[in-house]
Amino acid sequence: MGTLIRAGKVVSAAATTLADVLIEGETIARVAPAISAAGHTVVDAAGMLVLPGGIDAHTHLDMPFGGTVSADDYEWGTRAAAIGGTTTVIDFALQSMGHPMTEAFNTWCAKAEGKACIDYALHMAVTDLGPNDAWLDDVDAMVAEGISSFKIFMAYPNVLMVNDATIFKLMQRTARLGALVCVHAENGTVIDVVVQQALAAGNSGPLYHALTRPVEAEAEAVHRVVAISEMAGHARVYIVHVSCEESMSEVAAARARGLHVTGETCPQYLLLSLEDNMGKPGFEDAKFVFTPPLREKKNQAPLWQALGDNVLQVVSTDHCPFRFADQKTLGLGNFAKIPNGAPGIENRMQLIFHHGVNAGRISLERFVEVTAEAPARIFGMFPKKGVVAAGSDADIVLWDPSAKYTITAASQSMHTDYSIFEGFAVKGNARQVFSRGECIVDGGKFIGRVGRGQFLRREVAGQ
Ligand code: URP
Ligand code: ZN
Ligand code: ZN
């Protein structure tokens, strides 16, 4: 006996089709018009969109950062993701300086074990190639474990930042293996000088986090890392959290030259801005201290355009939540000590559907592509994830395009005491969410078992 999702509009990156979807066990058995209901549990999807479960390719769960730990662990972060229609996350294992990557892998597997509510994969954030670069061999070991993407930070000196030599050596190895390097692109060294100068001048409030990280610092780093990838043998590169027109243009230029460069942006850069969200009295702006920072509003239209034109392929959240009351306040009197990051894992699908599809900025099919299919392809999970098709995992969202919802901290599942999208009214929300065939969300409530999520081994193939 299976589950028959009947008469919904099945959406993929290529088309929207009226069809039935038969789930047997953990997989999709058939997608076809008028499948016989005999012997199956029927879920009426009339008027619903049937979407592949969302994939959030950039999250920071249970991550030590900025003198504290991100506020959502694997249980609470993945529960919130599921409620919002996301059925897979790719989180970051952070290599500690002086320790091998294998150790970080074990640490992050232990964080997720028994807690994850949906399937999860890991990028390995590389901070140290080890004595005589011995840990470069860890890259091969990670790929063998199903970690086919790595992360480097060109920002956060003395914490996570790596130098160009490390980037180059890492990319020589990943180019050989076909693995992907995700890049936080900002010129961390120059930014650090500007930050120290601002503090010395007595400019210590949260707004100065944004004012000390100019768009040029982001664009320069994108340009540099693309050049390094070319010198390293055309390594595959994915630029994370593209926040402004300048760095998006660097991605566009690289792609126009045929390089293996892809990129993402996030709802905060598409929908929030310096003008609309910063400049409040007191310490309130600390809620919006994340990196890259909020940009001028004029960047939003080019970012939407880039999503529509496939200059950028993915929308992920960079979910890195900190509570305002006791975590953001670590930076009272010194903006450089405010933990960088914001919550968002729960609202990505709602926000991009409403402000993308309903607003006519992107098509329904493109919405599915940027929230599910493209990350599945780029990160080596397609067609197991990212599509509603026979043989794929039954990760399916019944999406009600007319459901109205207002985002508030009071009603969210994320463990923060604020939302950066407080009061945003959206139309379109997840009604039911299936993860490997199991209904885990019904009417906004998580009904699955905590710890049911599985580690996803990923292939190096993609792009
Ligand atoms: O502010 C942010 N984005 N915090 C998380 C770490 C990062 O840079 O992605
Ligand atoms: Zn980053
Ligand atoms: Zn991040």
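Reader: In this predicted model, is Asp-393 buried or exposed?

Author: Buried means under 20% relative accessible area. Asp-393 falls under that cut-off, so its class is clear. Its relative accessibility is 8%, and Asp-393 counts as buried.

Reader: Which residue forms a salt bridge with Asp-393 at 3.2 Å?

Author: The separation is taken between the closest N and O atoms. The partner is partly exposed, with a relative accessible area of 41%. That partner is Lys-384.

Reader: Which residue meets Asp-393 in a salt bridge at 2.8 Å, N to O?

Author: Here the side chains of a buried pair meet. Asp-393 is buried, and its partner is too. The partner is Lys-385.

Reader: Which residues are linked with Asp-393 in a network of salt bridges?

Author: Lys-384 and Lys-385 each form a salt bridge with Asp-393. Both belong to the network. Alongside Asp-393, the network links Glu-26, Asp-119, Lys-384, Lys-385, Asp-395 and Arg-436.

Reader: How many salt bridges does the model count?

Author: A pair counts when a side-chain nitrogen of Lys or Arg lies within 4 Å of a carboxyl oxygen of Asp or Glu. Asp-133 and Lys-169 meet in one at 2.9 Å, N to O. The count comes to 25.

Reader: How many residues apart in sequence are the parts that Asp-133 and Lys-169 tie together?

Author: Asp-133 sits in the loop between strand 10 (119-125) and helix 3 (136-144). Lys-169 belongs to helix 4 (residues 164-177). Asp-133 is partly exposed at 25% relative accessibility, and Lys-169 is partly exposed at 30%. The salt bridge therefore ties together parts whose separation in sequence is 36 residues.

Reader: Which His residues coordinate the zinc ion (ligand 2)?

Author: Both His residues are buried. One donates through ND1 and the other through NE2, at 2.1 Å. They are His-184 and His-241.

Reader: How many residues apart in sequence are the parts tied together by His-184 and His-241?

Author: His-184 lies in strand 12 (residues 180-184). His-241 lies in the loop between strand 13 (236-239) and helix 8 (245-256). The pair therefore ties together parts with a sequence separation of 57 residues.

Reader: What is the geometry at the zinc ion (ligand 2)?

Author: The site has four donor atoms, with angles of 57 to 149 degrees. A tetrahedral site needs all angles between 85 and 135 degrees, so that class is ruled out. The site is irregular.

Reader: What distance separates the zinc ion (ligand 2) from the zinc ion (ligand 3)?

Author: The zinc ion (ligand 2) is the one coordinated by His-184 and His-241. Its separation from the zinc ion (ligand 3) is 3.7 Å.

How values were computed:
Residues numbered from 1 in each chain as written. Chains lettered and ligands numbered in written order. Predicted model: local features only at pLDDT ≥ 70, side-chain atom pairs only at ≥ 80, totals over all residues. Heavy atoms only, no water. Helix = DSSP H or I, 4+ residues; strand = E, 2+ residues; numbered from the N terminus. Buried < 20%, exposed > 50% of the residue type's maximum accessible area, 1.4 Å probe, protein only. Donors = N, O, S within 2.8 Å, 3.2 Å for Na, K, Ca; no water. Tetrahedral: all angles 85-135°; square planar, octahedral: opposite > 155°, others 65-115°.
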